[in-house]
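Me: Could you take one part of this structure and look at it closely with me? I would like to follow the reasoning step by step.

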Amino acid sequence: MDWIIRKAPALSCELEVPGDKSISHRSVMLASLADGPCVVRGFLPGEDCLSTKEAFRALGVKIERPAQTTLIIHGTGGRFIQPAQEIDCGNSGTTMRLLSGLLAAQPIQTRLTGDASLAKRPMKRILDPLSRMGAHIVAEGAQDRPPLRIEGAQLRGIDYTSPVASAQVKSAILLAGLFASGSTSVTEPHLSRDHTERMFEYFGIPLKREGLKVTINGGSRPQPRDFRVPGDVSSAAFWLVAAAAQPGARLRVNRVGLNPSRTGLLGTLARMGARVREFEHGNSGEPFGTIEIEGTALRATRIAGKEIPNVIDELPVLAVAAALAEGTTIISDAAELRVKETDRLAAIASHLTAMGVPVVEKPDGLEITGGQPLRGARLDSLGDHRIAMAFAIAGLFAEGETVITGTDCVNTSYPGFYDVLQRVCAPRSPGTPLVIRLEEEPADSTEA
Ligand code: S3P
């Protein structure tokens, strides 16, 4: 379905967003490794996380789904069966990279495949360290691209310094390290999201953190524990930018994850002039709470260095914020964006240009001169969920009509995004508050 978007009045609402994608993947993995049942609530029913759930089912883990967002996972204590078929990771880099680490040490043979976008994503970054641990993984695609054929082997711990700040690389190594002899350490150039470390600790796996280095000892297994996934701050980012850039807009996002390795965009938007407040309401392995934001006329900023891994998934929508801000915003050190679901630097540059925004594309970033009115345009998602949603937000500020094509990909991370977009933009009589709550919906009967 194509999305048709027109200029909208200032947002004024309170909403919840679906479960965090990164945390949903990891909750299935850790619960599957535990020796006993765990209930996961708030699970993201997006296609990426469903790929992870199906992968563990194929590996012999019984997973019940009494509601769309609730899983009962009967962990097998780290013992998996030989899957009958290859494992399809769909569009999900997290599924493929993290599973590779885990499967490298299992006494089974597996083949991991994915869609056309995943088939183009680099795997050398996990093959190098996992091979050093003794893994037998063959990349069947050109230049170490998927599919991956994995033959379980006895692994040994390593002390690895990663050239990229990537939570997927770090997590693949730590998951392999659980099954390796001795200790395994990963040091990264900047801190990437630390959900795996937090979830290891929550599930009772001892772990040592020293600055940018994380170390675990082989042999520990997670203890069964129930877990609640908070809302995804990367999904909230679309509404936060929509509100931040409209003077008079007010938005509150409830029950959202507040892990500081993920909330960099709040600092970026505050630097651009928005009034942002966070209220932590609890911590059940991951901190969660409320974010409030008030819009303003934004001003340009610079996004670079160690801030980049913290806003890596928000850069498409932050680029839209830059297009709406007065002055030239400089994004650098962000070459990683070229190896996401699509080349996001190229996609952002071409789509902003189509909307009439002056952009200079650099090898590792963008220079975006904002402040001029945006022009509606017909833009393709390029199969990338975050490009589709970021430019839908741009459409709310553009003169004329913006059409986004190829929007099915949004189901990978934010099913229901377009419904929310229509609701927050619908005309309302003054003084009628809009509150969007996510209700637990029954799952398909086949999954009971
Ligand atoms: C993720 C890590 C990031 C992020 C991706 C999810 C994760 O990727 O962009 O959406 O869940 O570990 P990289 O590790 O490639 O930076």
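Reply: In this predicted model, helix H5 (residues 167-177) is largely enclosed by the rest of the structure, because 11 of its 11 residues are buried. Buried here means under 20% relative accessible area, and the residues of H5 that meet this cut-off include Val169, Ile173, Leu174 and Leu175, as well as Gln168, Lys170 and Ser171. At the N-terminal end of H5, Ser166 acts as a cap, with a side-chain oxygen that lies 3.2 Å from the backbone nitrogen of Gln168.

To set H5 in its wider context, you can turn to the nonpolar cores. The largest nonpolar core has 82 residues, and those that touch the most other members are Trp239, Leu269, Phe391, Ile393 and Phe417. Helix H7 (residues 233-244) supplies the largest share of this core, namely 10 residues. Apart from this core lies another one, of 66 residues, which has Leu59, Leu98, Ile158 and Val229 among its members. If residues up to four places away in sequence are not counted, Phe391 touches Val320, Ile348, His351, Leu352, Met355, Leu379, Thr402 and Ile404.

A pair of helices can be read in a similarly careful way. The axes of helix H2 (residues 47-58) and helix H3 (residues 93-103) come within 10 Å and cross at roughly 25 degrees. Angles under 35 degrees count as roughly parallel, and H2 and H3 are therefore roughly parallel to each other. The crossing in which H2 passes H3 is right-handed, and the residues that meet there are Asp48, Ser51, Thr52, Ala55 and Phe56 from H2 with Thr95, Leu99 and Leu102 from H3.

Technical notes. Residues numbered from 1 in each chain as written. Predicted model: local features only at pLDDT ≥ 70, side-chain atom pairs only at ≥ 80, totals over all residues. Heavy atoms only, no water. Core = buried A, V, L, I, M, F, W, Y, C linked by side-chain atoms within 4.5 Å. Buried < 20%, exposed > 50% of the residue type's maximum accessible area, 1.4 Å probe, protein only. Helix = DSSP H or I, 4+ residues; strand = E, 2+ residues; numbered from the N terminus. Contact = heavy atoms within 4.5 Å. Polar contact = N/O pair within 3.5 Å; in protein donor to acceptor, adjacent residues only side chain to side chain. Axes fitted to C-alpha atoms, helices over the stretch in contact; angles between N-to-C directions. Parallel < 35°, antiparallel > 145°, perpendicular 65-115°, else oblique. Left-handed = near helix turned anticlockwise from the far one by under 90°.
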